[in-house]
Amino acid sequence: QVQLVESGGGLVQAGGSLRLSCAASGSIFEINAMAWYRQAPGKPRELVAILANGGNTNYVDSVKGRFTISRDNAKNTAYLQMNSLKLEDTAVYYCNAVIRPTIRTPSTHYWGQGTQVTVSS
């Protein structure tokens with residue numbers, strides 16, 4: 001079994017910073033990519049940032065220059081550093097990882113439970 005556990009969400013004033021963490025545990029042979037999504041009330045879930053195995057990153061335009069995705073391979077943990085937060089960043093943030101549990105199994109998408117980020121004025 002593979003589990004993703006997010007932490008680091010909370011309430012922050014506009015202009016502030018938060019760092020989200022996503023720790024993967026369980027049967028893990030290989031992690032191919034890790035990403036952060038978010039979903040605001042009444043809106044579809046959107047990809048915020050993705051970090052592939054080769055180190056390539058991609059961000060949604062609205063967070064470029066403010067958010068940074070990173071990963072500690074030794075800890076199987078991804079981070080999302082969020083700076084200069086805006087009211088419109090308020091959402092539930094979900095971690096997603098493409099993980100190959102064993103050498104005999106294919107890679108699969110796994111999701112965390114989500115962590116609330118609320119930006120206040």
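**Exercise 1. Place Leu47 in the fold and describe its surroundings.**

*Solution.* Start with the secondary structure: Leu47 sits in strand E5, which covers residues 46–52. Keep in mind as you work that this is a predicted model.

Next, look at the solvent. Leu47 has a relative accessible area of 33%. Buried would need a value under 20% and exposed a value over 50%, so Leu47 is partly exposed.

Now turn to the neighbours. Leaving aside residues up to four places away in sequence, Leu47 touches Ala35, Trp36, Tyr37 and Val60.

Finally, try a distance. From Leu47 to Tyr79 there are 32 residues in sequence, and their C-alpha atoms lie 15 Å apart in space.

**Exercise 2. Work out the overall architecture of the protein chain.**

*Solution.* Begin by counting elements: the protein chain has eleven strands and zero helices. Read from the N terminus, the order is therefore simple to write down, β-β-β-β-β-β-β-β-β-β-β.

Then consider the dimensions. The C-alpha trace spans about 50 × 25 × 25 Å along its principal axes. For 121 residues, a compact globule would have a radius of gyration near 14 Å, and the protein chain agrees with this, having 14 Å.

How much of the chain is buried? Of its 121 residues, 39% count as buried. The accessible surface comes to about 6,400 Å², and carbon and sulfur atoms account for 49% of that surface.

Contacts add another view. Take the contacts between residues at least 6 apart in sequence: 57% of them join residues at least 24 apart.

Charges complete the overview. The protein chain carries 11 positive and 7 negative charges, and the mean positions of the two groups are 4 Å apart.

**Exercise 3. Find the disulfide and describe the link.**

*Solution.* Searching the whole structure gives one disulfide. The partners are Cys22 and Cys95, with an S to S distance of 2.0 Å. This pair links distant parts of the chain: Cys22 belongs to strand E3 (residues 18–26) and Cys95 to strand E9 (residues 91–100), 73 residues apart.

As a reminder, a disulfide is a covalent bond between the sulfur atoms of two cysteines.

Is the link left-handed or right-handed? The angle about the S-S bond is -75 degrees, and the link of Cys22 and Cys95 is left-handed.

Last, check the accessibility of each partner. Cys22 has 0% relative accessibility, so Cys22 counts as buried. Cys95 also comes out at 0% and counts as buried.

**Exercise 4. Examine the backbone at Asn76 and Ser84, asking what phi each residue has.**

*Solution.* Take Asn76 to begin with. Its phi is positive, about 50 degrees, although Asn76 is not a glycine. Asn76 lies in the loop that runs between strand E7 (67–72) and strand E8 (77–82). With 25% relative accessibility, Asn76 counts as partly exposed.

Move on to Ser84. Here phi is near 50 degrees, again a positive value in a residue other than glycine. Ser84 is found in the loop between E8 and E9. A relative accessible area of 42% makes Ser84 partly exposed.

**Exercise 5. Describe two further loop positions, Gly9 and Pro106.**

*Solution.* Locate Gly9: it is in the loop between strand E1 (2–7) and strand E2 (10–13). Its relative accessible area is 33%, so Gly9 is partly exposed.

What does Gly9 touch, not counting residues up to four places away in sequence? The answer is Leu18, Leu20, Thr115, Gln116 and Val117. For a distance, compare Gly9 with Trp36: they are 27 residues apart along the chain, and 13 Å separates their C-alpha atoms.

Now locate Pro106, which lies in the loop between E9 and strand E10 (108–111). The relative accessible area of Pro106 is 60%; the cut-off for exposed is over 50%, so Pro106 is exposed.

Which residues does Pro106 touch, again not counting those up to four places away in sequence? They are Ile99, Arg100 and Pro101. As a closing step, take Pro106 and Val5: 101 residues apart along the chain, their C-alpha atoms are separated by 22 Å.

Note on methods: Residues numbered from 1 in each chain as written. Predicted model: local features only at pLDDT ≥ 70, side-chain atom pairs only at ≥ 80, totals over all residues. Heavy atoms only, no water. Helix = DSSP H or I, 4+ residues; strand = E, 2+ residues; numbered from the N terminus. Rg over C-alpha atoms; globule rule 2.2 N^0.38 Å. Buried < 20%, exposed > 50% of the residue type's maximum accessible area, 1.4 Å probe, protein only. Contact = heavy atoms within 4.5 Å. Areas by Shrake-Rupley, 256 points an atom, 1.4 Å probe, with all protein chains shown as cover. Lys, Arg positive; Asp, Glu negative; His and termini not counted. Charge placed at Lys NZ, Arg CZ, Asp CG, Glu CD. Disulfide = S-S within 2.5 Å.
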